[in-house]
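Student: Please pick one part of this structure and take me through it closely. After that, place it in the rest of the protein, and tell me where I should be careful.

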Amino acid sequence: MYGLRLFMAFEIRERDLLARMGKLETKTGAVETPILLPVVNPSIQPISPKAMRDEFGCEALMTNAYIIRKRFRAKAAEFGIHRLLDFDGVIMTDSGAYQILVYGDVEITNKEIIQFQEAIKTDIAVILDVPTGWGVSQQYAKHTVEETLKRAKELAKVKSRNDILWTGPVQGGAYLDSVAESASKMGKLPFQVHALGSPTPVMEQYLFGTLVDMVVTAKQKLPPDRPLHLFGAGHPFMFALAVALGCDMFDSAAYALFARQDRYMMDTGTLRLREIEYFPCSCPLCTRACPSEVKAMSKPRRQEFLARHNLYVSLAEIKRIKQSIVEGRLWEHLQIRSYGHPALLSALKTLRKYADYFESQSPVSKSSGLFFYGAADLARPEVVRHAKRLKDRYVPPKNAKVLLLLPQTRTKPFHKSREHARLIKDIGRKLGQSRSLIHVCTYSAPFGVVPIELDEVYPLSQHEVALPLDNETIAHVAEQVESYIARSRFRKVILLNDAETWNNKIASAVRRVCREGGFALTVLNPAKLWNKRAVNSLSTAVQKAVGE
Ligand SMILES: [Zn+2]
């Protein structure tokens, strides 16, 4: 009999946002995720599978079991898929469900395609699902979910070997309720891998916001210890988004399809060959040829050139993403990629809807500092987490009666900055023992309120912020300050107002909440924020407040 061991195939090594870096075990060997599986069509192939392995270092590829069965049935069954393609890495086969959807073929059953994938000894297989597609009714979407589920259950009765990883596709298309139902039911069946088919228009028309909704909905219901494959995510400029959402595997036919249309991929977008005067790439091909030479090539040679370049760019982006995960800087990478296209930036903004989910899933401790560029970063898990923890877990020192709010300084941790240190020293000198009646907090972007006791805790002093601040960020910080004051109930609040940086918004928020809560308030508006006179009048105000 074939191997009896049922794989617990996926081991996670690093995480960042919803992304995981892991090892997926197959009967041919282990691959590291996130991974790109170039799609190989044995009939038309600009790069041989062997070259993919030897020259490009591809550990895995994807091919279509339906097409293989149609054209190379006997040979594939006799030699196995690895010998047929001349590829000794990991092979994933798709079932051909998509071709059936597009071409309306119905000549094959789920049972036949399951048995065929076993016969050709594929490593990762897919049942014959029913893709939901796009522009369909909700009723039809539900039908695809149910029918796919029925076929998924059929697998257990049909399959005869235990060494193949089986993929359970999630359907539902843009109907998120159906996606949730599909993911939840598929997740209960004994699959080793799951997959999400995103309808072609989502990719072609750059509906990345919809993609975010679909992937996050599926992720929330799928078992976290199984990798998620995203079908048809071909362009490198969206890999970072897909990985950040928790997709572990992709297949790409785009490198070849784009080449056929003389399209040159970049990690930020696409160029048409005829537009190119300089190759903005340092792959082995682009460093050796100039665009005019490539334009003059015969169609097949040109196509091969472009397919190779496109594949290099795609694989390089996966490496960049992995490095970002290791560094804990996937958000920054995603941020940079988001500027490749307005639709990607829209998707980044869509993440805000799921900020709490991202926060609950993202690892807590990282080693790298945070770069804060603007309002979109307010959805970062670290920012959400600080607000949450401050609210749910943090209690200000018990005997503190007066809240002293200071503006952020460039140097961090704040209490060690020259500005704060001088003031705190002055207050200590004036107050002596009563110093403990004062609770010092910094209002700062993007975190909002940073109590002095916490300001060395990661990442409250390990971040850089782009100034001037945008209105949304200012509003977020003002809201944080307001709710901190409202729930802490100090006898008195003293605010050192940095009117310029905060456009007076912090002062108005503090005034409002103090008025509503009946807290005494002193606002200091010095002409120069941190000069001797300002520090002196501030410490005098503190001294006075303590004496009241
Ligand atoms: Zn290149």
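**The zinc site and its surroundings**

Tutor: Around the zinc ion, the four donor atoms subtend angles of 98 to 124 degrees, so the arrangement is tetrahedral. The cut-off behind that word is that all angles must lie between 85 and 135 degrees. For comparison, the ideal angle for four tetrahedral donors is 109.5 degrees. Bear in mind that this is a predicted model.

The protein supplies three sulfur donors, the SG atoms of C281, C283 and C286, and one nitrogen donor, ND1 of H309. They lie 2.1 to 2.3 Å from the zinc ion. Along the chain the donors follow the spacing C-x1-C-x2-C-x22-H. One of the donors, C283, has a relative accessibility of 7%, and because the limit for buried is 20%, C283 counts as buried.

The next part to look at is a small sheet. Helix α14 comes into it, and α14 spans residues 299-327. The sheet is open and has three strands in the order β1-β2-β3, with antiparallel pairing. β1 (10-16) and β3 (30-33) are the edge strands; each has a single partner, so one side of each is left without a neighbour in the sheet. From one strand to the next the twist averages 10 degrees. Helix α14 packs on this sheet and touches β1, β2 and β3, with its direction at about 75 degrees to that of β1.

Taking the strand pairs in turn, β1 and β2 (residues 19-25) are antiparallel over six bridges. D16 has A19 of β2 as its bridge partner, and R15 stands opposite R20 of β2. The two strands form a hairpin with two residues between them, and L17 in that turn has a positive phi of about 50 degrees. β2 then pairs with β3, again in the antiparallel sense, over four bridges. In this pair G22 stands opposite T33 of β3. The hairpin of β2 and β3 has four residues between the strands, and G29 takes a positive phi near 150 degrees. β2 is mostly covered, with five of its seven residues buried.

Elsewhere, M62 is found in strand β5 (residues 60-64). Its relative accessibility is 3%, so M62 counts as buried. Beyond residues up to four places away in sequence, M62 touches L37, P38, V39, V40, M92, D94, H229, F231 and D251. For M62 and M92, which are 30 residues apart along the chain, the C-alpha atoms are separated by 4.7 Å.

Helix α16 (residues 342-350) gives a helical example of burial: A343, L344, L345, A347, L348 and T350 are buried. An α-helix has 3.6 residues a turn, so residues three or four places apart point the same way. The buried residues of α16 pack against α9 (208-221), α10 (239-244) and α15 (330-338).

Another hairpin lies further along the chain. Strand β16 (residues 438-444) pairs with strand β17 (residues 448-451) in the antiparallel sense over four bridges. Three residues make up the hairpin that joins β16 to β17, and C441 stands opposite P451 of β17.

As for the whole protein, there are 23 helices and 20 strands, and the C-alpha atoms fill a box of roughly 95 × 55 × 40 Å along the principal axes. Of the 548 residues, 57% are buried. Among contacts with a separation of 6 or more, 73% are between residues 24 or more positions apart.

Finally, the part to be careful with. The protein averages a pLDDT of 93, and 98% of the residues score at least 70. Residues 1-5 stay under 50, and the model has eight contacts for them beyond four places in sequence. Where pLDDT is low, the predicted coordinates should not be read in detail.

Technical notes: Residues are numbered from 1 along each chain as its sequence is written. This is a predicted model: local features need pLDDT of at least 70, side-chain atom pairs count only at pLDDT 80 or more; totals for chains, interfaces and linings use all residues. Side-chain values use heavy atoms; hydrogens and water are left out. Donors are N, O and S atoms within 2.8 Å of the metal (3.2 Å for Na, K and Ca); water is not among the atoms, so sites may look incomplete. Four donors count as tetrahedral if all angles lie between 85 and 135 degrees; four count as square planar and six as octahedral if opposite donors are over 155 degrees apart and all others between 65 and 115; anything else is irregular. Buried means under 20% relative accessible area, exposed over 50%, partly exposed in between (1.4 Å probe, protein chains only). Contact means heavy atoms within 4.5 Å. Two strands pair if DSSP finds at least two bridges between them. Axes are lines fitted to C-alpha atoms, for helices over the stretch in contact, and angles run from 0 to 180 degrees between N-to-C directions. pLDDT is the predictor's confidence in each residue, from 0 to 100.
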